[in-house]
Amino acid sequence: MAKIDYYELLEVDRTCSDGELKSSYRKLAMKWHPDRNPGDAAAEARFKQISEAYDVLKDPQKRAAYDRFGHAAFENGGGGAGPGFGNDFASTFSDIFDDLFGMGGGGRRGGGRGTGRERGADLRYNMEITLEEAFSGKDATLHLPTSITCEACTGTGAKPGTQPTTCRTCGGAGRVRQAQGFFTLERTCPSCQGRGQVIEDPCPACAGAGKVTKERTLEVAIPAGVEDGTRIRLGGEGEAGTRGGPSGDLYIFLSIAPHDFFQRDGADLFCRAPISMVTAALGGSFEVPTIDGDTSKVKIPEGTQSGKRFRLGGKGMPVLRTRTRGDMYVQVVVETPQNLTRRQRELLAEFEAESSTENHPEAHGFFAKVKDFFAGDAE
């Protein structure tokens, strides 16, 4: 019988991250666990299938083999998938509980007991970009001091021409057992610190660590439309693993610097523009800059009130990984004239004297309500 695709079993895409894979597995494991489905043979079989799938996909090397060869990669002893309820199954759940309760570490992934190989730590890099760069995208160059695999020993930690040897204390298991009465305790091997191997003649270039600190230059493409707080993951660009273990990941966290003219809300942009009292009363137009470096005309109808917003469709920020753009909103603020000449004062006074309720409907309505309010109190 043909096996179901592992990604389909775990309900994830083939490009899913480690976090998405683990989250989906945890949800499905809770759903199909035999304790939650007593006596249900189909649920138990499903539980074993998703556990087998996760045991393969959580390991970077097994996942790479599966992506290339499918189930054939683990047939005839090729990969050892198929955890059932044995040791591999216990290891799978151990990874979940270690992650939940903080008992694990970055070195657990891709290493394993008795191999001496530990996964490198993940790195974080904070990058600030301008709003214009967020609009158009950016090719950035990063200079990072980080640990890389030692070239002299190719990451083994042993002097060139030699190899690490199996720990005599634990026999390469990385753990030792000690009987105490009715109980048997297991602890990390004190001789190899759980690696299962010891280096008798360390590499002089890295002092046996298998990695050295060096400044690296990385190129990263910032896509157009990124928002404040966007995280970009560069797989395998973190610190090098110990003794040839897989490298960690690099996470770039983006922040967008405040802009002098625009405020952003998702894909929409907002700005304020002052207009004269005459323009607000008689109508007119003016030009405003747009984020793409161009300008756009805003038409003001006569009688425009302060605070009125005008929408410029498609003049906002691009939506990430699409060809659409948000809108731009211009809020006008009617500016009261200052430092008036005598003649200007006279003209305004004449206008005020000749104005009617039709010229100031809102003010008339407001003061009418005030008058009614005080009239009611007098009664």
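Two strands pair if DSSP finds at least two bridges between them. On that basis, an open sheet of three strands in this predicted model has the order β1-β9-β8, and its pairing is mixed. The chain holds nine helices and 15 strands. Of its 379 residues, 31% count as buried. Among contacts between residues at least 6 apart in sequence, 62% join residues at least 24 apart.

**Three-stranded sheet**

- The edge strands of the sheet β1-β9-β8 are β1 (123-129) and β8 (231-234), each of which pairs on one side only.
- Direction ignored, neighbouring strands of this sheet are turned by 25° against each other on average.
- β1 pairs with strand β9 (residues 250-256) in the parallel sense, over seven bridges.
- Within this part of the sheet, Glu128 stands opposite Ser255 of β9.
- β8 and β9 run antiparallel and are joined by four bridges.
- Leu234 has Leu250 in β9 as its bridge partner.
- In a regular strand, side chains alternate between the two faces of the sheet.
- In β8, Ile232 and Leu234 make up a covered face, whereas Arg231 and Arg233 make up an uncovered one.

**Four-stranded sheet**

- A further open sheet has four strands in the order β10-β11-β15-β14, again with mixed pairing.
- Its edge strands are β10 (263-265) and β14 (309-312), and each pairs on one side only.
- The average turn between neighbouring strands of this sheet is 30°, direction ignored.
- Strand β11 (residues 268-276) and strand β15 (residues 328-335) run parallel and are joined by eight bridges.
- Ile275 has Val334 in β15 as its bridge partner.

**Helix α2 against helix α3**

- Helix α2 (residues 18-32) and helix α3 (residues 41-57) have axes that come within 9 Å and cross at roughly 160°.
- Angles over 145 degrees count as roughly antiparallel, and α2 and α3 are therefore roughly antiparallel to each other.
- The crossing in which α2 passes α3 is left-handed.
- On the α2 side, the contact is made by Leu21, Lys22, Tyr25, Leu28, Ala29 and Trp32.
- On the α3 side, the contact is made by Ala43, Arg46, Phe47, Ile50, Ser51, Tyr54 and Leu57.
- By class, the residues of the contact of α2 with α3 are 10 nonpolar, one polar and two charged.

**Helix α3 against helix α4**

- α3 also packs against helix α4 (residues 60-69), at an angle of about 105° and with the axes 6 Å apart.
- Angles of 65 to 115 degrees count as roughly perpendicular, and α3 and α4 are therefore roughly perpendicular to each other.
- Asp55, Val56 and Leu57 of α3 make this contact with Lys62, Arg63 and Tyr66 of α4.
- The residues of the contact of α3 with α4 divide into three nonpolar, no polar and three charged.
- Leu57 of α3 takes part in the contact with α2 and in the contact with α4.

**Ser147**

- Ser147 is placed in strand β2 (residues 138-149).
- Its relative accessible area is 12%; buried means under 20%, so Ser147 is buried.
- Leaving out residues up to four places away in sequence, Ser147 touches Lys211, Val212, Thr213, Gly238, Glu239 and Ala240.

**Val198**

- Val198 lies in strand β6 (residues 197-198).
- Its relative accessible area is 22%; buried means under 20% and exposed over 50%, so Val198 is partly exposed.
- Not counting neighbours within four places in sequence, Val198 is in contact with Pro164, Thr165, Cys167, Ser191 and Cys192.
- One of these residues, Cys167, is 31 residues from Val198 in sequence and 5.6 Å from Val198 in space, C-alpha to C-alpha.

Conventions: Residues are numbered from 1 along each chain as its sequence is written. This is a predicted model: local features need pLDDT of at least 70, side-chain atom pairs count only at pLDDT 80 or more; totals for chains, interfaces and linings use all residues. Side-chain values use heavy atoms; hydrogens and water are left out. Axes are lines fitted to C-alpha atoms, for helices over the stretch in contact, and angles run from 0 to 180 degrees between N-to-C directions. Helices (H or I, at least four residues) and strands (E, at least two) are DSSP runs, numbered from the N terminus. Angles under 35 degrees count as roughly parallel, over 145 as roughly antiparallel, 65 to 115 as roughly perpendicular and the rest as oblique. A crossing is left-handed if the near helix is turned anticlockwise from the far one by less than a right angle, and right-handed if clockwise. Contact means heavy atoms within 4.5 Å. Ala, Val, Leu, Ile, Met, Phe, Trp, Tyr, Cys and Pro count as nonpolar, Asp, Glu, Lys and Arg as charged, and the others, Gly among them, as polar. Buried means under 20% relative accessible area, exposed over 50%, partly exposed in between (1.4 Å probe, protein chains only).
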